[in-house]
Amino acid sequence: ITFNFGFLSITIKTMLREQIKNQLKKAIKENIEIEVFVPQNDKFGHYSTNVALKLGKILKKNPMELANEIKSQLGKQTGFTGLIDKTSVESPGFINFWLSTETIQKEFVEIFKAKKNWGRPRKKLLIEVSRGKPFGSDQSKSSGKKKIIVIDYSHPNIAKPMSVAHLRSTIIGQALYNIFRFSGWKVVGDNHLGDWGKQFGILITAYKEKLTTNNQRPTTKKITIKDLMKLYVDYTSRMESDPKLEDAAREETKKLQEGNKENIKIWKEFYRISLEEFKKIYKILGVKFDYYLGESFYAPMLPEIIRDALKKGVAKKSQKAIVIFTDKDKPPFIIQKADEAYLYSTTDIAAIKYRVKKFKPDTILYVLDNGQSLHFEQLFKSVKMLSYDNNVNLIHVKFGLILSEDMKKLSTRAGRHISLEDLLNETIIRAKKIVNKKQPSLSEKEKNKIAEIVGIGALKYNDLSQNRQSDITFKWEKMLNFEGNSAPYLLYAYARLKSILRKARFKKYDSKFTKHLTQEIELKLIRDLDEFPDIIKRAVEIYYSHNIAEYLFSLAAVANSFYHELPVLKAKKGEREARLALIGAISQTLKTGLNLLGIEVLEKM
């Protein structure tokens, strides 16, 4: 696409799919959404469109006749004959396109030039010729502004070890963070910690009780997060048979919320101990956050939230509690209990109000399981009724459960609680056994590095390669398999490609050699590479990552066939250079895609 500004002409390269769309728009001249897709069977072309079928419904005409009319019009258009080698019409009205070899070769030059930036949105450059400055200063400020997204993910509870239940939110959230950032958005990652409320009253009471029993002075130096969990579990189990214990915990909760110095000091220590433990887990997982704004951060805002909700008539008193009726067919959304205690629903309202004002986002994503659907449906309706949302897109990114190999839910209530730290350690240990078997000559340091990258990568890929809304099954053998759709397979495929480049000492590439890429599998790989930006764009639109995983697996499989089918290092001059460049582009795309999923690659394996 070329823009002309006086004496200055700027050409913007578009993907092959987009080039076909642009040609169709010129031919049709109707305001209709045009879909161009890759057919499942190669005999129906490199790309296909059903636009004639859509037009047929609108114009009440025969789709086959419309398809032939469009085909005829396309043949008359400047630029189409150079782009497309062959066009066909198939019943009931599909138009199929075969790209010319020259078109595909030219696209590869663009892909190779982009290197690690391949997959990012291609930005349009508009220049004001008269001043040589960005076109329209006021306009550019609004249209050129980065979109902002806040992603809420992981959110463990303070004073409790992270469990397997936190895994999906953490790695799905981080993958989305990476994908949106790569796509040019300004991303804010926020870990909304559960660090306030009745549970801390219970914990403080249990802690003080232990000190009194053992005649100890208040100190938390030797306490671990596992000790805190044990205190909590022991005390709550005794509460069931002794109501006085619950009264004591309620009193300590009240003192904490009122700012009692001793309780605040104990709470801060519990917070510090917990966060240190969480960060160890996040480091292993390669997960980072911009903010750790827990429930306690919003505590000062809660009284005003209640007053505002009552004043606006959004909330009402019901059996001494304060509630919001979001739907007549659903239970009320409780924002303050009868004893005047706040709930996480109140905190979530405050968090949206704060985020909208502080970050000015276009979208806020909440990465939590399917079981939270009703909560978020009511939360989003409540903030809209309160006019706190400012038309921000509020999205619940749902996901299913993790099931063990016997298909049972892994949870505390089912008596199947599994520590996330223990799971990560077990994954690395199992990966280490495989490394020891396959590469016994490596040093322990090398083995440990490979085992951690392969193990953690396998754990992440097992999740991110599946539809997030489905329950996923935890199977060690499948996760750590070096064959099939797994992280170890992709990591090995990447390392194998890099090994070929090292042997060839490949560094620079002259685009004149691109003319040697003429074999069908070479041209298919280029077309596959050309799809990568669209795969990323789709992930941004629907908040799913498994389409990226599916793409990477398919690309690696075709690449594997390519270097077994055709000579690379021993190919004749011209073909050798071109094929090495193709391997370079494939390996870079695999690395980019795996990194977006939060998976580190190995240059040697």
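Colleague: Happy to look at this predicted model with you. At what angle do helix α10 and helix α11 pack?

Modeller: Good place to start! Helix α10 covers residues 243-257 and helix α11 covers residues 261-285. Their axes lie 8 Å apart. Angles from 65 to 115 degrees count as roughly perpendicular, so α10 is roughly perpendicular to α11, and the packing angle is about 90°.

Colleague: Which residues of α11 does α10 meet there, and how many residues of the contact are charged?

Modeller: From α10 come E252, K255 and L256, which meet N263, I264 and W267 in α11. By class, the contact has three nonpolar residues and one polar residue. The number of charged residues in the contact of α10 with α11 is two.

Colleague: Let's turn to the open sheet. Which of its strands stand at the edges?

Modeller: The sheet has three strands in the order β11-β12-β13, with antiparallel pairing. Two of these strands each have a single partner, so one side of each is left without a neighbour in the sheet. The edge strands are β11 (315-318) and β13 (333-336).

Colleague: How many bridges join β11 to β12, and which residue of β12 stands opposite S318?

Modeller: Strand β12 comprises residues 321-324 and runs antiparallel to β11. Four bridges join the two strands. Opposite S318, in β12, stands A321.

Colleague: Which helix lies across β12 and β13?

Modeller: Within the sheet itself, neighbouring strands are turned by 40° against each other on average, direction ignored. The helix you are after is made of residues 373-385 and runs at about 65° to β13. The helix across β12 and β13 is α15.

Colleague: Now for α17: how many of its residues are buried?

Modeller: Helix α17 spans residues 444-464. From first C-alpha to last, α17 reaches 30 Å, close to the 30 Å expected at 1.5 Å a residue. The helix is largely enclosed by the rest of the structure, because the buried share of its 21 residues is 15.

Colleague: Is L464 buried or exposed?

Modeller: L464 belongs to helix α17. Its relative accessibility is 1%. Buried means under 20%, so L464 counts as buried.

Colleague: Which residues does L464 touch, and how far in space is H546 from L464, C-alpha to C-alpha?

Modeller: Leaving aside neighbours within four places in sequence, L464 is in contact with I171, I172, A175, S545, H546, A549 and L597. In sequence, L464 and H546 are 82 residues apart. In space, their C-alpha to C-alpha distance is 5.5 Å.

Notes. Residues numbered from 1 in each chain as written. Predicted model: local features only at pLDDT ≥ 70, side-chain atom pairs only at ≥ 80, totals over all residues. Heavy atoms only, no water. Buried < 20%, exposed > 50% of the residue type's maximum accessible area, 1.4 Å probe, protein only. Contact = heavy atoms within 4.5 Å. Axes fitted to C-alpha atoms, helices over the stretch in contact; angles between N-to-C directions. Parallel < 35°, antiparallel > 145°, perpendicular 65-115°, else oblique. Nonpolar A, V, L, I, M, F, W, Y, C, P; charged D, E, K, R; others polar. Pairing = 2+ DSSP bridges. Expected span 1.5 Å × (residues − 1).
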